[in-house]
Amino acid sequence: MQPRNMSMSGVVDLAAVKAAGEAKAKAEQARAEAARQGGTAAVAPSALVIDVDEAGFEREVLQRSAEVPVVIDFWAEWCEPCKQLGPLLERLAVEYNGRFLLAKVDVDANQMLMQQFGIQGIPAVFAVVAGQALPLFQGAAPEAQIRQTLDQLVQVAEERFGLTGIQVDPEADPHAAASVPAGPYDALLEAAMSALDAGDLAGAVQAYKNVLVDDPGHPEAKLGLAQAELLQRVQAMDPAEVRKKAADDPSDVTAQIAAADLDLVGGHVQDAFGRLVDAVRRTAGEDRDAARLRLLELFEVIGPEDPRVTTARQALARALY
């Protein structure tokens, strides 16, 4: 893929008089509220690069863009240019010392975000400034060109929106917060496990959701919720009937999704993934999206580090593109 520059004139267009005034006012209001609550604490350099998904996008990108420009790197594991651009952007995020935040979005796992930004190919880099989305560039552009674009972004963010970035403390311990006991989460996770032991799947689902309301990225709660919801879905199924429907009509996406759930519960992980990848490949529109979303849910059940998930993600990408 050849780099395709996107003019930063879009910043000026989006920040034309009224829009700029409203966005700047919202940013100032957000900063004032943060100041009333004691201000924003300094972050460690490692906190300048974050992974973002659809669930956390509003909190991690839109809300944070009221205090610092957020650069979004849309990437995928199978994308070779992404492997060149990603580490460069991460290095620059640390070098720019809080003048922008880098949010990395895996397009395979977050197709809705890719569609909302109108992305046709990756890597693609956007920015969000005071809630305003701005295209920056596409492709593995040269470092000098990327620096020039980032310099302009930082300048526009400060001059037009009053965003001066976030404070960085090189001595900050990024693991300090994680070492603090979770407190109420312990009780909620214990309640979820107790509900599972008692066969109360609805209670377990709700307990895990209660954790994720406060901490959308909590790994144990995400995994537990995915597993509990899977068990809840198959609980009322007639396996013979579901498998017959799926075999009789490969184009019936609802039947294929139900059969994939049964496959996974029965330990046939690759069969479940393959069934849904085939459904994505054969369908379009709402059916295709339903198959894709269920596949992503099943990835959560197995865990992102499992090599079967990695292989299935690559197959999904090929089916989609």
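Here a student and a tutor talk through how some labels in this predicted model are earned.

Tutor: Two ground rules. This is a predicted model, in which local features need pLDDT of at least 70 and side-chain atom pairs count only at pLDDT 80 or more, while totals for chains, interfaces and linings use all residues. Residues are numbered from 1 along each chain as its sequence is written, and side-chain values use heavy atoms, with hydrogens and water left out.

Student: Happy with that! Why is Leu101 called buried?

Tutor: Buried means under 20% relative accessible area, exposed over 50%, and partly exposed in between, with a 1.4 Å probe and protein chains only. Leu101 has 0% relative accessibility, so it counts as buried. Leu101 is found in strand E4.

Student: What is Leu101 in contact with, leaving aside its neighbours within four places in sequence?

Tutor: Contact means heavy atoms within 4.5 Å. The partners of Leu101 include Ala47, Leu48, Glu60, Arg64, Val70 and Val71. Arg64 lies 37 residues from Leu101 along the chain, and their C-alpha atoms are separated by 8.7 Å.

Student: What makes strand E3 largely enclosed by the rest of the structure?

Tutor: Strands (E, at least two residues) and helices (H or I, at least four) are DSSP runs, numbered from the N terminus. In E3, residues 70-75, 6 of the 6 residues are buried, so the strand is largely enclosed. Both faces are covered, with Val70, Ile72 and Phe74 buried on one side and Val71, Asp73 and Trp75 buried on the other.

Student: How do you know that E3 pairs with E4?

Tutor: Two strands pair if DSSP finds at least two bridges between them. E3 and E4 (residues 101-106) have 6 bridges, in the parallel sense; for example, Val71 is bridged to Leu102. E3 is also joined to E5 (residues 124-129) by 5 bridges, running antiparallel, and there Val70 has Val128 as its bridge partner.

Student: Why does buried Arg313 have no salt bridge?

Tutor: A salt bridge is a side-chain nitrogen of Lys or Arg within 4 Å of a carboxyl oxygen of Asp or Glu. Lys and Arg count as positive and Asp and Glu as negative; His and the chain ends are not counted. For Arg313, the nearest side chain of opposite charge is Asp106, 4.5 Å away. Arg313 is found in helix H15 (residues 307-320), and its contacts include Asp106, Asp108 and Phe299.

Student: And how much of the protein chain is buried?

Tutor: Buried residues make up 43% of its 321 residues.
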